[in-house]
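Q: Could you take me through one part of this protein at close range, and then show me how that part fits into the whole chain?

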Amino acid sequence: MITIDELIQNKQNKLPHTSSELEFIVNGFVAGEIPDYQMSSWLATVFLNDMSFKEISDYTSVMISSGKKMDWPDLPGFVVDKHSTGGVGDKVSLILGPILASCGLFVPMISGRALGHTGGTLDKLETIPGYKTDLSLDKFREIIKNIGVSLIGQTDDICPADRKIYALRDVTSTVASLPLICGSIMSKKIAEGIQGLVLDVKTGNGAFMKTYDNAKKLADLLTRIGQDHGLKVSSLITDMNQPLGNACGLWCEVKESIDALQGNGPDDLMEVVYHLCEKALSLFEPTNNNRQKVEEVIANGSAMEKFLELVCAHGGDVTQMLSGNLNKPKSKESIVAQKDGYISEMDTYKLGLSIIALGGGRQKQDDILDNSAGFILNKKVGESVAIGEPIVDVFCSDSNKLDQGLITIKRAIKISDTKPKQLQLIY
Ligand code: URA
């Protein structure tokens with residue numbers, strides 16, 4: 001019988017694993033038969049020596065089989081989801097889900113919490129009083145059937161292997177491995193039982209993929225793995241050299257999403273939302289009026305109405321959400337320009353870390369989040385500023401944390417004398 005030692009050695013010698021060997025590794029680890037130290041060694045070897053396309057596809061299948069795979073036989077329409085590789089200010093899911101459902105698609109979204117310096121959709125949704133993200137799969141199914149969209153958190157039923165392996169990757173510096181990222185992301189998406197998937201792969205100083213070439217590699221790999229499992233997949237590579245939109249944090253991002261659904265979103269955010277929605281609609285029906293459909297459901301209020309239905313279906317209090325009195329920060333300060341010039345650069349990674357410093361992200365797994373924490377960018381890269389002009393409004397409910405956040409944000413934003421080259425939003 002093969003042992004985990006032999007399999008680690010095979011990978012060290014760059015020999016490919018068979019599907020049953022991958023099953024042995026993943027299931028053995030989940031069952032507790034392969035201890036953390038051996039699994040860590042295997043993960044590190046994969047990190048260094050990579051996997052073939054066939055191995056990644058088999059690994060994805062094994063991860064899916066560790067839990068339930070959903071299906072939607074009774075839905076009268078196309079079932080689609082979106083995945084973003086993560087960034088700062090990325091609130092697209094909150095806007096795209098209701099838009100696509102208003103256009104007649106079904107959107108079962110299983111979302112994540114904040115990861116490192118990047119924000120998490122679940123943490124943002126939980127700033128709405130009463131909104132429950134930990135619903136059973138039966139309740140999830142019921143909401144999708146009734147209103148077309150639901151956003152919940154990871155459940156133990158879907159890809160339990162990923163949860164256990166991810167936790168080990170997180171503490172063994174083996175997260176940034178293309179085959180492991182791909183297996184982790186795609187297993188969870190495929191297990192949702194969707195027919196189509198749109199990928200938003202971020203690149204830039206606030207993304208996990210710093211260069212366009214690496215983002216493209218990941219986008220192509222995710223696309224091929226999805227297609228190999230019978231999904232229609234379309235991908236977009238978008239910029240993360242500055243936050244998306246103006247609001248970054250928790251409740252302030254929900255507020256910006258509501259503005260966006262009411263037709264008042266910032267241009268860069270809306271451009272990414274429009275592109276991704278068009279791609280999702282085109283997976284189902286490739287016509288050239290998909291953008292018009294998206295604009296229509298925003299203009300006629302049906303996308304916003306869908307968002308309200310979504311919040312109600314999850315137990316959220318819509319009246320409080322719209323009251324204008326929710327999650328008010330106790331401390332606020334603006335960062336002003338120290339000279340005339342142009343915003344030339346934002347260190348988006350640092351800006352993401354500043355949200356953690358403000359209390360809007362976790363330093364330890366059990367940290368309680370401050371829903372009021374975040375900042376609003378009044379200026380983006382390329383815009384001119386005058387000395388004394390407020391560039392960023394920073395807020396939270398702990399004055400010590402506010403000071404920490406201010407220090408990080410000040411360091412992250414540069415002003416130059418000359419106008420910088422315009423950043424490309426969509427590659
Ligand atoms: N997101 C995931 O779900 N998994 C990874 O491995 C990386 C990002």
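**A close look at I181 and its surroundings**

A: Happy to. One point of orientation to begin with: the C-alpha centres of domain 1 and domain 3 lie 43 Å apart. Please keep in mind that this is a predicted model. The chain is divided into domain 1 (4-49), domain 2 (80-321) and domain 3 (331-416).

Let's zoom in on I181, which belongs to helix α9, covering residues 178-191. Is I181 buried or exposed? Its relative accessibility is 13%, and buried means under 20%, so I181 counts as buried.

What does I181 touch, once its neighbours within four places in sequence are set aside? Its contacts are R169, V175, A176, M209 and L218.

It is also useful to follow the chain from I181 to G193. These two residues are 12 positions apart in sequence, and their C-alpha atoms are 20 Å apart in space.

For a second buried spot, look at T118. This residue sits in a loop, with β2 (107-111) on one side and α6 (121-125) on the other. T118 has a relative accessible area of 4%, so it too falls under the 20% limit for buried residues. Leaving out neighbours within four places in sequence, T118 is in contact with G86, G87, G206 and F208.

Now let's step back to the whole chain. It has 17 helices and 12 strands. Its radius of gyration is 22 Å, close to the 22 Å that the globule rule gives for 427 residues, so the chain is as compact as a globular protein of that length. Along the principal axes, the C-alpha trace spans about 70 × 45 × 40 Å.

Burial and contacts can be viewed at this scale as well. Of the 427 residues, 55% count as buried, and I181 and T118 are among the buried residues. If you take the contacts with a separation of 6 or more, 78% of them join residues 24 or more positions apart.

Finally, the surface and the charges. The chain exposes about 17900 Å², and 49% of that area is supplied by carbon and sulfur atoms. There are 44 positive and 54 negative side chains, and the centres of these two sets are 2 Å apart.

To return to where we started, I181 in helix α9 is a buried residue whose contacts include M209 and L218.

Key. Residues numbered from 1 in each chain as written. Predicted model: local features only at pLDDT ≥ 70, side-chain atom pairs only at ≥ 80, totals over all residues. Heavy atoms only, no water. Helix = DSSP H or I, 4+ residues; strand = E, 2+ residues; numbered from the N terminus. Rg over C-alpha atoms; globule rule 2.2 N^0.38 Å. Buried < 20%, exposed > 50% of the residue type's maximum accessible area, 1.4 Å probe, protein only. Contact = heavy atoms within 4.5 Å. Areas by Shrake-Rupley, 256 points an atom, 1.4 Å probe, with all protein chains shown as cover. Lys, Arg positive; Asp, Glu negative; His and termini not counted. Charge placed at Lys NZ, Arg CZ, Asp CG, Glu CD. Domains from an automatic or database assignment.
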